Amino acid sequence: MTTGQGTLQYPATKEKKSRIYWRFKTPLSAPTPDSTQKYLWRLRNQLRKVVGASTNWQDQQQVLSERSSLSQYLARSQDDLPAKRMKDSLIEAHLPLGSQPALREKYLNSHNSVRFGRILEDLDCLGVLICYSHTWNEELQSSPLSIVTALVDKIDMRQNIIYPDCDIKFTGHVTWVGKTSIEAKMHMSQYQNGTHADLLDATFVMVARDPENKRAAFVNPLKPVGLEEEAIFLQGEINKKRRVELSTASLLKVAPTAEERTLIHNQFLNTLDTRTVSFRSRILPPNSVWMEDAKLKGLEICHPQERNIFNRIFGGFLMRKAYELGRANACAFAGCRPTVVAVDDILFRKPVEIGSLLLLSSQVCYTEGMHIQVRVHSEVLDPLQPDSTAPPNVFHFTFRLEKEVPAVVPQSYGESMLYLDGKRHFDGAMRNHS
């Protein structure tokens, strides 16, 4: 049977769940009926064991330098690796907010709901472990692969409220595989009134690198079995094609469409002062805000505490900080509490080193009715080399408000491109919810 959109649900037998424990040869506990559920904080420990990482910052640097010897276990081609099935990577993890109240404080926000930024961190961690489950070689003590998040394709919310006093369940598995990349889908539900209610569906794309994270590495091919798995795999191919098409049509590469150009020109005409004949005299239409006045900025110091298993800053941390700034921007813009509807097209262009300064800039780039589209742009600065540059990461969030919000109006051509890009992301998010 299927749960969410495109994720499989296999019978929750004792045998199936216990396989997840001994697969990494570092069982969390003996597979008894009460211990076959994985908790999220244990998954992070499991990831460290998979790659032989240490929990100590100084030891970690030495361990990673020793990982270069694992290169001898890398496959020379994908044909050298055994094919895996979708069920081989199936993982179920639990966040017991209801049954273990001590956990709630970490996840609780000021509105007595769950901090969505924390959920982004958990999804990132789970997605990586799912991919390690797919590529795991039981003959090795540690994986020679460095698997990192390359892209958050989309996260679609199925329910607006995540309750802080009800247990949460995550399930997920690999749904598509290229030569060096892996797509993983995850489903999140919450136990409410005697049943599990759907909360969200997420699609992440991971890439495999060599032990030193310097070059791409091959991953096991995926063998779909049955019509359902073949349909899920085909959707992965469609997702890949869609990402290529969106990249090709990016406003950073090609001009807007004729319809988009007309929209921007009409918007420009609507801001001209009719009392003059000058193109420079601009006035703000009623119930509108200049895009320049819809920004919010922040700065984060990247401490070792936020590192991942490869001594770089954890991608989930970057997503959480970007989301929290974007949400604050939406709240300040609308004057009321926003709820997240969708997250999409988050591309991690380059790892963020420990000690870096993370400069975050949030921009309300499109509004429609009771919705706000926010774009968060992050730049990484090495304080010891201030002239060095790194490709920025960009995050896109769609929020719903409790009331109609003002229109955001661009003034410059650059702002107009941000407006159109925001509209494209908003339209895509709404199609997924229609």
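Buried means under 20% relative accessible area, exposed means over 50%, and partly exposed covers what lies in between, using a 1.4 Å probe and protein chains only. This is a predicted model, in which local features need pLDDT of at least 70 and side-chain atom pairs count only at pLDDT 80 or more, while totals for chains, interfaces and linings use all residues. Residues are numbered from 1 along each chain as its sequence is written, and side-chain values use heavy atoms, with hydrogens and water left out.

**View A. A salt bridge between two loops, Arg312 to Glu353.** A salt bridge here is a side-chain nitrogen of Lys or Arg within 4 Å of a carboxyl oxygen of Asp or Glu. By that rule the model has 16 salt bridges. In this one, the side chains of Arg312 and Glu353 meet at 2.8 Å, N to O. Arg312 sits in the loop between β10 (295-301) and α8, and Glu353 in the loop between β11 (339-347) and β12, so the pair ties together parts that are 41 residues apart in sequence. Glu353 is partly exposed, at a relative accessible area of 38%. As for the labels, helices (H or I, at least four residues) and strands (E, at least two) are DSSP runs, numbered from the N terminus.

**View B. Salt bridges inside helices α8 and α9.** Side chains of opposite charge can pair when their charged atoms come close. In helix α8, Arg320 forms a salt bridge with Glu324, with the closest N and O atoms 3.7 Å apart. These two residues are four apart, about one turn of the helix. Arg320 is buried at 6% relative accessible area, whereas Glu324 is partly exposed at 25%. Now look at helix α9 (residues 413-433), where Lys423 and Asp427 are also four residues apart, about one turn. Their side chains meet in a salt bridge at 3.0 Å, N to O. Lys423 counts as partly exposed at 25% relative accessibility, and Asp427 counts as partly exposed at 24%. Salt bridges that share partners join Arg115, Arg118, Glu121, Arg320 and Glu324 into one network.

**View C. An aromatic cluster of Phe116, Tyr323, Phe397 and Phe399.** Rings of Phe, Tyr and Trp (its six-membered ring) pair if their centres lie within 6.5 Å; planes under 30 degrees apart count as stacked, over 60 as edge-to-face and the rest as tilted. The count by this rule is seven aromatic pairs. Tyr323 and Phe397 have ring centres 5.7 Å apart and planes at 70°, so that pair is edge-to-face. The pair links distant parts of the chain, with Tyr323 in helix α8 (residues 315-334) and Phe397 in strand β14 (residues 393-400), 74 residues apart. Both Tyr323 and Phe397 are buried. Phe397 pairs with Phe399 as well: the centres are 6.3 Å apart and the planes at 40°, so this one is tilted. Phe397 has a relative accessible area of 0%, and Phe399 is also buried, at 0%. Ring pairs link these three residues and Phe116 into a cluster.

**View D. Ser113 in the loop between α4 and α5.** The loop runs between α4 (104-107) and α5 (116-135). Ser113 is buried, with a relative accessible area of 16%. Leaving aside residues up to four places away in sequence, Ser113 touches Tyr107, Leu108, Ile161, Ile162 and Pro164. Contact here means heavy atoms within 4.5 Å.

**View E. Helix α6, end to end, with its buried residues.** Helix α6 (residues 226-248) has 23 residues and reaches 34 Å from its first C-alpha to its last, close to the 33 Å expected at 1.5 Å a residue. That expected span is 1.5 Å times one less than the number of residues in the helix. Which residues of α6 are buried? They are Glu229, Ile232, Phe233, Gly236, Asn239 and Arg243. An α-helix has 3.6 residues a turn, so residues three or four places apart point the same way.

**View F. Leu269 and Arg282.** Leu269 lies in helix α7 (residues 258-270) and is partly exposed, with a relative accessible area of 43%. Leu269 and Arg282 are 13 residues apart in sequence and 9.1 Å apart in space, C-alpha to C-alpha.
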